[in-house]
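Student: Hi! I'm new to this one and would love a friendly walk through it. Can you put it up so we can look together?

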Amino acid sequence: MATGLKSTRVNTRIADKDIILETGKLANQADGGVWVQSGDTVVLVTAVTQPLQRDIDFMPLVVDYQEMSYATGKIPGSYFRREIGRPSERETLVSRLIDRPIRPLFPEGFKQEVQIIATVLSADPDFDPDVLALTGASTALQISRIPFDGPIAGARVGYVDDNFVLNPTQAELAHSQLNLIIAASSEAVVMVEGGAQFCSEELVADGIFWGQQQIQPLLQTQHELRDQVGAAKIQVPESLEDREILDQVRELAYTPLKEAISVSDKIERRDAKNKVKEDLKQAISERYPEEPERQKYATKYFRELESEIVRNWTIQDKTRIDGRSLEQIRELGIEVGLLPRVHGSSVFARGETKALGAITLGGSQDEQHIESLAGELSKRFMVHYNFPPYCVGEVKMMRGPSRREIGHGVLAERSLLPVLPNTEDFPFTIRLVSEIMESNGSSSMATVCAGSMALMDAGVPISAPIAGIAMGLIKDGEDFHVLTDIMGDEDHLGDMDFKVAGSREGITGIQMDIKVSGISRDILVQALAQGREARLSILDQMSQVLDQPRQSLSEHAPQLKILEVAPDKIKDVIGPGGKNIKAITKETGASIDIEDSGQISIFAPNSQSLEDTIERVLFYDQKPELNKDYQGRVKSVKDFGAFVEILPGVEGLVHISQLDKGRVEDIHKFVSPGEELTVKVIEIEQGTGKIRLSRKAVLIEEEGGTFDASEAGPRGGGKGGGPNKDRGPKGRGGPNKDRNPRGQSRSGGPDQK
């Protein structure tokens, strides 16, 4: 008889939401497998380790987060109808979100390969799986045999109606001034990621540590689960020391390494350090020719000596590698309008870090469409960050954006998004590409600054400029020193990388990674305060180059015109099967977006294209004018007269008595459907809109005579959209004359089919 699967379950309740941690039901061959559930959202997180077949000096950690379409009852929209290929941008970002806080918590000396896989099995729109996956990763490691200095837990912090909200729903986030994801232990915060709507430093700090207090029950629950099912941890061998080699490294390398580190230029400093390292290895090799293993100790102690020198400068001398004070920003260089054919461009340099920002404007057809568990989404603002190998003087294969490049781009995007105009005021799609030209720390924040300047250069009416800065930390016991505008070496050898972006009004983007067990509120508050002072200083210098968006778009930017046509004319602009709009966009190069209200947005590549497109669109919105001649087409023939279309969807009746100057005996022999006739509008009936036409009047006037409409005979006729109102124009005499366009959807561009 079948029975239920055995498992061990613990649960807790935070912010009026139950969170379940369960193990033993699934993935039992993994070293740790945890089912994490809140509401109807379920994430399975596994942790597996295995020994490496090669000797390395680091622990290889891989984190993969994957969202399955079946989690929301959907079939993937890809050609193969399965989740394959590259991870989505969101999957990449959540993978990084898990990786960053857990990576520093593995003990030094543990060198086995570790893989974390988080799979979303069920998705409830009100319970985002990302923070559950983060908590699940910690839990899987906690109960496994893998050594791990946890637990930690993840949560999202919002701020709605002057109150903090833990793990807000999507509806609450829509009105939240904060959207922060934090990871924390019982003692300290270990990671922060998110955005804000111009929040103060004090509010952000309060939100972070409020969130840390709220997730304490989740940490206790992980301890409970480990007490019940936790495996014995792998013993990490104590790090062996070679005091003799340590002494020789200090003797041989201390003075030349200190001189090398003090070299101001990054590349020259790197080369100088490498020379000291090679000289050291050569000396050790000559002294111990029969003991090559001692080279490993020499390399290890060389790295430790470099860290010691840099940190001592900061702790003892209150100075930096390049001679700056702890709060000093590197020299800035800012220029706008460099690229003549680009819609907006800028270069922002901070020391040896330099970003080139390029703005491209497009229509709504250029929006990015994203298929996710939340449904199909669209983005009108995209930031793409590129980090080519030449920016750090290296040779490397280029194989598309890395996880780091995707993460840095989204951080900059999040930081700039709050100042963008809404779609109604500026209906363009905006793409910012940041090409990192040189890098020596904080290139993501250089991207924010370059992007802000490029947006203003493009004439995008942003509400305020945005600047970003990266803060570092040197911690010495209970003492600490916060560094403003860290360089690459200070990031590598320091204890924190804390990026903050915002306007003069407040913070818009934030990201914090640390390499120690956590940071206190005092450290966070000081870092935010120093970051604000630096941000304001940078904004001052940016304003000296360009203090507000340009008043007009580049001549090379798309030309925009919004037209209002009668709603009942939309079908005529589109045409049968999209025929008319397809023809217009194909031949003018413009793209056209049509709303049911009658609003038509035209995005044209140049002014001539815009004028042509406007003329051809308005052709379908014409109204008949009394006493005006029209070249029309016969739509149908009746015994009493012919119905003639004189404008798209507008028909009138040419009574049999008005077809010719003389009597017409047999109308069916005189005129046929499809035939073109030049006719005059002789009456537009009030109320009904019925139109009376006359070919006879045209013939009389051509001979110099005068036509009296009061003597035009019987009344009656068609009106706009008369008996054939659902038919589109044939195109003759209109903008589609002599063309054979394909079908077109309601909204189309020149390359759509």
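Student: What is the strand order in the open sheet of six strands?

Tutor: This is a predicted model, and in it the six strands of that open sheet run in the order β1-β2-β3-β4-β6-β5, with mixed pairing.

Student: Which are the edge strands?

Tutor: β1 and β5 (61-67) are the edge strands, and each of them pairs on one side only. As for twist, neighbouring strands of this sheet are turned by 15 degrees against each other on average, direction ignored.

Student: And which helix packs on the sheet?

Tutor: That's helix α2, residues 129-143. It touches β2, β3, β4 (41-50), β5 and β6 (113-122), and its direction makes about 35 degrees with that of β4.

Student: Let's zoom in on β2. Why is it largely enclosed by the rest of the structure?

Tutor: Strand β2 covers residues 17-23, and six of its seven residues are buried, so the rest of the structure largely encloses it. Buried here means under 20% relative accessible area.

Student: How many bridges join β1 to β2?

Tutor: Seven, and the two strands run antiparallel, with β1 spanning residues 8-14. One pair to look for is Arg 13, which stands opposite Asp 18 in β2.

Student: What about the hairpin of β1 and β2, how many residues sit between the strands?

Tutor: Two residues lie between the strands of that hairpin, and Ala 15 takes a positive phi near 55 degrees there.

Student: Okay, and β2 with β3: parallel or antiparallel?

Tutor: Antiparallel, with three bridges joining β2 to β3 (residues 32-38). Ile 20 has Gln 37 in β3 as its bridge partner, while Leu 21 stands opposite Val 36 in β3.

Student: Where do side chains point along a regular strand?

Tutor: In a regular strand they alternate between the two faces of the sheet.

Student: Changing topic: what order does the open sheet of three strands have?

Tutor: Its order is β22-β24-β23, with antiparallel pairing. β22 (559-564) and β23 (591-594) stand at the edges with a single partner strand each, so each has one side without a neighbour in the sheet. From one strand to the next, the twist averages 15 degrees.

Student: How many bridges join β22 to β24?

Tutor: Six bridges join them, β24 being residues 599-604, and the two run antiparallel. Among the residues involved, Leu 560 has Phe 603 in β24 as its bridge partner.

Student: Which helix packs on this one?

Tutor: Helix α15, residues 607-618, packs on the sheet and touches β22, β23 and β24. The direction of α15 makes about 15 degrees with that of β22.

Key. Residues are numbered from 1 along each chain as its sequence is written. This is a predicted model: local features need pLDDT of at least 70, side-chain atom pairs count only at pLDDT 80 or more; totals for chains, interfaces and linings use all residues. Side-chain values use heavy atoms; hydrogens and water are left out. Buried means under 20% relative accessible area, exposed over 50%, partly exposed in between (1.4 Å probe, protein chains only). Helices (H or I, at least four residues) and strands (E, at least two) are DSSP runs, numbered from the N terminus. Two strands pair if DSSP finds at least two bridges between them. Axes are lines fitted to C-alpha atoms, for helices over the stretch in contact, and angles run from 0 to 180 degrees between N-to-C directions. Contact means heavy atoms within 4.5 Å.
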